[in-house]
Amino acid sequence: MSEIFFYITTAVYLVATLLYSAYLFARKDRLLTIAQVAISTGFAFHTATIASRWLASGRTPVTSFHDSLTFFSWITVALFLLLLIKYKPKVLGAFVSPFALLLLITASLLPKQIVPLSPVLESYWLPVHVILAFLGNAFFALAFFLGIMYIIQDRYLKSRKLKGMYFVLPSLETLDELNYKCLQYGFPLLTAAIITGAIWSEYAMGSYWEWKHRQVWSLITWFLYAALLHGRLTAGWRGRKAAILSAVAFLSLIGSFFIINILSGGAHGLLR
Amino acid sequence: MNLVIVGLNHKTSPIEIREKLSFPSATIGEPLSKLTSHYGLTEAVILSTCNRVEVLAITSDIEKGTWQIKKFLSDYHSIPLEKLDEHLYVHQAEDAVKHLFRVAAGLDSMVMGEPQILGQVKDSYGYAVQSNTAGIIVNKLYHKAFQVAKRVRTETKIGESAVSISFAAVELARKIFGNLTGKNCMLVGAGEMAELAARHLQSNGVREIMVANRTYEKAVELVKCFCGTAIMFREFPHYLKNVDIVIASTASPNFIIKPEQIHDVMKERRHKPMFFIDISVPRNIDPEINNIDNCYLYDVDDLQGVVVANLHERQKEAEQAETIIIDEIEKFYRWIKSLDVVPTIIALRQTCDAVRKAELAKALASFPNLTEKEQKVLDAMTSAIVNKILHHPVTHLKKESNKIEGDLYIDTIRKLFDLTIDDEAVKKAAQSNDD
């Protein structure tokens, strides 16, 4: 069942991505409306995928790389839809949609069987740690896209040749503010995820910190975002500079996420 | 309905011809009355702007009417028709309705989607009403045209993008700052264009406007109309750190705002974005400033480019607007063809039937012994009489209502039978035709 939902979700996200691309190209409001309906529909199927997977495994479905990617994609879309209600950054969908699609396509190439968790790792810290971590990552992903949008819009305005996406992208100030906001939410979540991870590690293996790849990379990412936030707060980093840094930080985050999962085969290599 | 438009515009004729054909609004009543009194047109409207001159008329014979308008234009302005004819376009019937809708919506304008034309069309209609050359059809047609223009404006973004330099500046400011509320603006030099841009910025929420001018008195004079602050010209660099938008328009031959200066200012204002608008020639702001992070500099040529880009973007909206117009023409036709005739026929039938029923009841009361069958025969007979009498009038009414005299017929029938058509019935008929 979950597999059917998974493929429907992927297909609907593909449609949404195409619609968003068409919107960026033709800039007709109707296309944007349909694209939003598409991504919301995709999200509904995505939720069903996660739910059925959860029921099948009996725990938060994040123990395999396949599940992790599906979950990350889901939480990013969820966050985007929430953001849409309050701040209406509609064009952001044009970035979130292909991102979610890409994660799902990657996930579809990976083994789908449910990985059993060794009893020693079985703990209520698992969902807490994982949800905090992915929620934080999702905020950073949105910050990344908002940063990219800022860089594009900045380039249009600097070049003084206005065309294409200039007409549909929000104002620089809006993009900068939203980017900042996402960082402000993402950072405490990442911090909390590292702490809960440490607690879980102590609980399962008797040690808070073991300098494993995963832990080192989280720390590096944490420092990057800490520096960025610090710079924004005290040195008045903003705009293009802040956008570039949030992009770099996110690439480091996503890079470490993939590298570690590929190296370890999922869940930070705790499973074997 | 025989509707015809004859006219010329910026696309079909050079300015030399257009200015010869124009009708000054102060004396437009005279040519309007001439059209209906001397040229055999039933209703007439003249639209005369700097980009177009058009005569819209209702006529009993479409070809003759067209020729009459051409003749009128030639006679009135004493230009031989042969010379004029090549510049004139003719739109008839449905095509004319479409043309009027497009003009009113700004789709036929030189600057696509510009809003002034709607006001001019409204005025032209107003003159026709004043001169008694607007009748039932013109009334309906123009009200529909205003409605269509409004729909185009609300459903497409055709009127949205800025197409003048000062509007373009405001739009750019919005793309940089989002909301302009609470932003500060400084005019360095008090030129007319700078003033215009500042006014637009202020009406978009800009809080404070400072004016620095070499002649301090002139700055003081200018700030009176903005409720702004006048500052000494040599002091203006000190205020830059609190200013988000700078508009330079001095006559200085050199750059008066330099990158070194702005580097410091940016540090002081913690790199909050600044928008520089340089509308002076030669330029007053060093173009290098555009390379500083979070600084955006546009000179007159750049703004002109923005205007062109905005216009280009508008073109896309036009397609959608054209669909709206086609949709509205269909509605209009269905509406105008039957709005009057349907409720009139219903009212006519109801009135006659009411008389019949009342008289039948009276007659039956004096013959209490009639059998049910006999009663039915009487009922059927009276019905038949009424229907047969009404048959020809109704058929003719339906047929004629599509023609120009249709309104006359409808009006006559209503008067002869003293039909009152309540608004409810009209609305109902209009709605059923609108959908």
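**Exercise 1.** Work out what share of the contacts in chain B between residues at least 6 apart in sequence join residues at least 24 apart.

*Solution.* Begin with the criterion, by which two residues are in contact if their C-beta atoms, placed from the backbone, lie within 7 Å. Among contacts in chain B between residues at least 6 apart in sequence, 72% join residues at least 24 apart. The model is a predicted one, in which local features need pLDDT of at least 70 and side-chain atom pairs count only at pLDDT 80 or more, while totals for chains, interfaces and linings use all residues. Residues are numbered from 1 along each chain as its sequence is written, and chains are lettered from A and ligands numbered from 1 in the order in which they are written.

**Exercise 2.** Find which residues have the most contacts inside the largest nonpolar core, and which helix gives the most to this core.

*Solution.* A nonpolar core is a set of buried Ala, Val, Leu, Ile, Met, Phe, Trp, Tyr and Cys residues joined through C-beta atoms within 7 Å, where buried means that 20 or more other C-beta atoms lie within 10 Å of the residue's own, again placed from the backbone. The largest such core has 127 residues, and those with the most contacts inside it include Leu142(A), Leu146(A) and Val246(B). Helix 5 of chain A (helices being DSSP runs of H or I, at least four residues, numbered from the N terminus) gives the most, with 17 residues. Leaving aside neighbours within four places in sequence, Val246(B) is in contact with Met186(B), Val188(B), Met274(B), Phe276(B) and Ile277(B). A second, separate core of 52 residues includes Val53(B) and Phe72(B).

**Exercise 3.** State how many residues each chain brings to the contact.

*Solution.* Chain A brings 17 residues and chain B 19 residues.

Notes
A residue is buried if 20 or more other C-beta atoms lie within 10 Å of its own, exposed if 12 or fewer, and partly exposed in between; C-beta atoms are placed from the backbone. Helices (H or I, at least four residues) and strands (E, at least two) are DSSP runs, numbered from the N terminus.
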